[in-house]
Structure formats: structure tokens, C-alpha cells
Amino acid sequence: MTTLLEVEDLRVEFLTDAGPARPAVNGVDLRLGAGETLALLGESGSGKSVTSRALMGLVDFPGVVRGSIRFDGTELVDAPDRTLRRVRGTGIGMVFQDSLDSLNPVYTVGAQLTEALQVRMGMTRADARSRSVELLEAVGIVDAEQRVDAYPHQFSGGMRQRVCIAMAVALRPRLLIADEPTTALDVTVQAGILRLLRGLTEDTGMAMVFVTHDLAVAKQVAERVMVMFDGRAVEEGSIGNVFAAPSHPYTRRLLSAHPGRARHWRDLTKGEARDDDGEETHRAG
Ligand SMILES: Nc1ncnc2c1ncn2[C@@H]1O[C@H](COP(=O)(O)OP(=O)(O)OP(=O)(O)O)[C@@H](O)[C@H]1O
Ligand SMILES: [Mg+2]
């Protein structure tokens with residue numbers, strides 16, 4: 001498989017008046033091919049979001065990024081702004097952990113979606129508009145035909161999050177960085193979004209880095225997992241292997257902190273795709 005994303009020795013430090021703080025990301029390596037999904041797990045503060053933002057070139061001063069991030073052969077660390085602008089959107093898309101302020105409050109959701117589709121995908125206004133409605137439907141917004149003309153503040157937090165997911169996938173990115181995109185959503189909506197994302201990786205070859213705290217979610221979207229602890233990748237491998245035989249104490253604790261989920265893992269590695277609470281986890285269509 002050809003490598004789409006290749007990260008070597010990624011380091012991120014935030015400078016303080018007292019000098020550099022403890023590194024937020026401390027020597028992370030990762031590789032991802034087209035159509036592959038990597039789940040990024042780890043306790044709060046372990047560096048998942050900072051890693052995600054670094055991949056998008058979005059670590060701002062006082063953050064300092066070192067190492068190498070090659071996307072489709074282009075080096076992104078210290079790349080000029082025009083390179084990053086070209087890569088963002090159609091190359092790498094991102095759903096932020098805190099996406100409430102990543103929508104522009106001044107424009108309707110539809111205007112923001114159609115503008116992106118017209119400018120970046122070269123669609124006509126009419127095509128962009130109907131595609132926007134389809135995208136809102138795809139993320140489970142009911143009455144999408146009407147809601148497309150609403151402003152972000154007219155949506156609930158969960159719906160805004162879904163609009164952000166629609167925006168990120170609208171441009172058909174080759175790599176989607178999704179930082180806990182479904183954490184705030186109820187299980188039914190979450191299941192729909194996970195199916196949508198999973199479908200995109202299978203149908204369009206989109207690669208994905210999916211940050212989550214939820215082991216069941218990781219299993220649903222990803223085949224590989226990387227576990228972060230204190231800025232380092234302490235464990236990496238296929239989900240089946242890592243959860244069947246976790247080698248790092250943190251991963252073992254993570255599993256034992258989710259007793260129900262751990263049972264679920266063993267069930268899954270035996271091939272029983274059923275969730276603890278009876279929720280349907282297989283893909284429909
Ligand atoms: N802008 C910033 N300035 C200084 N330190 C920061 C900044 N952003 C993040 N950090 C620090 O970097 C470390 C990693 O943070 P990060 O947000 O990546 O954690 P996380 O794994 O995403 O946690 P969570 O699961 O809570 O989202 C933390 O110690 C955090 O305090
Ligand atoms: Mg985070």
C-alpha cells in the first residue's frame with residue numbers, strides 16, 4: 001500500500017516565560033495508507049489533540065513543531081502557508097474536538113457549505129446547494145432542505161458538530177483527522193456518523209486518524225490503534241492484537257477501566273460483533 005501520511009519523530013513543545021514546557025508530543029512516528037484508519041487513544045492530556053493539530057499545521061505560537069510530517073510526499077513541518085492552504089480541505093480535512101467555534105456565525109450553514117463546494121470543488125451554485133442538503137442529510141440533520149438556510153446559532157451543539165463533520169467530508173479529503181467527533185452525540189446519531197465515515201474510507205479510499213476515548217468506537221472505525229501516554233506513542237498495532245495482549249501498563253489500565261468494554265473486546269476478537277448494550281454495530285449497506 002502506498003503511504004499517504006508519514007510522520008517521523010514529531011515533537012511539539014509550548015514555550016513559556018520559564019523556557020520550554022514539558023513536550024506535549026514527544027517523538028511520535030506514524031504511517032497511514034489510503035483507506036486506512038488509525039484510532040488514537042490515550043488519557044486526557046496525553047497529546048492526541050496537539051498531534052492532530054500538528055498534522056493540519058495548526059499549532060500556533062508559542063507551540064514549536066519539530067520532526068517530519070509528509071503528506072503525499074509534501075513536507076508540512078515549516079511549510080509555507082500556501083502549501084498548507086493547498087493541502088487543507090481537499091488534502092487533509094479536520095473535525096475539531098471543540099468545533100463549536102469553527103463555524104462562521106455570520107453565514108448560514110448552507111452558505112458556508114456551498115461556498116466551500118463552489119470554490120474548492122468547482123461546483124455550480126445549484127449543484128453545490130443540492131450537495132449541501134445531501135451532506136446535511138448524511139450526517140442525520142432532519143429537514144435538511146429547510147435547515148440548510150439556518151445560522152449556526154440556530155442549531156444545537158450536537159447538530160453543529162454534525163455540520164462540522166459534513167463540512168469536513170464535503171471536500172472529499174484524502175485524509176480526515178477527526179478529534180473526538182462523536183463524543184457529544186447520542187448513540188444513534190453516533191452510529192450513523194461512524195457508518196458514514198467508515199463508508200467514505202471504504203468507498204473513496206479516504207484515510208482517517210480518529211481520536212477517541214471509547215474503545216468500542218475505535219473498534220468500529222479503525223483497524224489499527226495507537227495509544228498515547230505523556231506525549232509518546234506507547235503502543236501501536238492492529239486493534240485485535242493490542243487489546244488481546246496489551247503490552248503497556250497504561251493500555252492495560254485503559255482496558256480494565258472499561259470492564260464492560262473489555263469483555264466486548266474479547267467478544268469482538270472472537271468475531272461476535274455485538275455491543276454490550278445490544279446496540280447494532282455492523283454496517284448497514
Ligand atoms: N496552546 C497550548 N499551550 C500550552 N500547552 C498546551 C496547549 N495546547 C495543549 N497543551 C498541552 O499539551 C498537552 C497535550 O494536550 P492535548 O490537548 O493534546 O491532550 P489530549 O490528549 O487531546 O487530551 P483530551 O483527551 O483531554 O482531549 C497537555 O499537557 C496540554 O496542557
Ligand atoms: Mg484532545
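User: Is Ser49 buried, partly exposed or exposed?

Analyst: Ser49 counts as partly exposed, because its relative accessibility is 23%, and the cut-off for buried is under 20%. Bear in mind that this is a predicted model.

User: What are the protein donors of the magnesium ion, ligand 2?

Analyst: Ser49 through OG and Gln97 through OE1. They lie 2.0 to 2.2 Å from the ion.

User: Where in the chain do Ser49 and Gln97 sit?

Analyst: Ser49 belongs to helix H1, residues 48-55. Gln97 is in the loop between strand E7 (92-95) and helix H3 (109-121). The two are 48 residues apart, so the pair links distant parts of the chain.

User: And Gln97, buried, partly exposed or exposed?

Analyst: Gln97 counts as partly exposed, because its relative accessibility is 42%.

User: On to ligand 1. How many residues surround it, and which are the closest?

Analyst: There are 13 residues around ligand 1. The closest are Ser44, Gly45, Lys48, Ser49 and Val50. Ser49 thus appears in this list and also as a donor of the magnesium ion.

User: Which element gives the largest share of that shell?

Analyst: H1, with 3 residues.

User: How do the shell residues divide into nonpolar, polar and charged?

Analyst: The shell has 7 polar residues, 3 nonpolar and 3 charged.

User: What does Ser44 do with ligand 1, in distance terms?

Analyst: An N or O atom in the Ser44 side chain is 2.4 Å from an oxygen atom of ligand 1. Two backbone contacts can be added to that. A polar backbone atom of Gly45 is 2.8 Å from a ligand 1 oxygen, and for a polar backbone atom of Ser46 the distance is 3.2 Å.

User: How much of the accessible area of ligand 1 does the protein cover?

Analyst: The protein covers 59% of the 640 Å² that ligand 1 has on its own.

User: Change of topic: strand E9. How many of its residues are buried?

Analyst: Strand E9 spans residues 207-211, and 5 of its 5 residues are buried. Both faces are covered. One side carries Ala207, Val209 and Val211, and the other carries Met208 and Phe210.

User: In what sense does E9 run against strand E4, and how many bridges join them?

Analyst: E4, residues 37-42, and E9 run parallel and are joined by 4 bridges. Within that pairing, Phe210 of E9 stands opposite Ala39.

User: What about strand E8 and E9, how many bridges there?

Analyst: There are 5 bridges between E8 (residues 175-179) and E9, again in the parallel sense. Leu175 has Ala207 of E9 as its bridge partner.

User: Now backbone oddities. Which residues does the cis peptide bond join?

Analyst: Phe61 and Pro62, with omega about 10°. Pro62 is in the loop between H1 and strand E5 (63-71).

User: What is phi of Asp78, and where is that residue?

Analyst: Phi of Asp78 is near 60°, a positive value in a residue other than glycine. Asp78 is in the loop between strand E6 (74-75) and helix H2 (81-87). Asp78 counts as exposed because its relative accessibility is 72%.

User: And what is phi of Asp230?

Analyst: Near 50°, also positive in a residue that is not glycine. The loop holding Asp230 lies between strand E10 (224-229) and strand E11 (232-238).

User: Is Asp230 buried, partly exposed or exposed?

Analyst: Asp230 counts as partly exposed, at 35% relative accessibility.

Technical notes:
Residues numbered from 1 in each chain as written. Chains lettered and ligands numbered in written order. Predicted model: local features only at pLDDT ≥ 70, side-chain atom pairs only at ≥ 80, totals over all residues. Heavy atoms only, no water. Donors = N, O, S within 2.8 Å, 3.2 Å for Na, K, Ca; no water. Buried < 20%, exposed > 50% of the residue type's maximum accessible area, 1.4 Å probe, protein only. Near = heavy atom within 4 Å. Polar contact = N/O pair within 3.5 Å; in protein donor to acceptor, adjacent residues only side chain to side chain. Areas by Shrake-Rupley, 256 points an atom, 1.4 Å probe, with all protein chains shown as cover. Nonpolar A, V, L, I, M, F, W, Y, C, P; charged D, E, K, R; others polar. Pairing = 2+ DSSP bridges.
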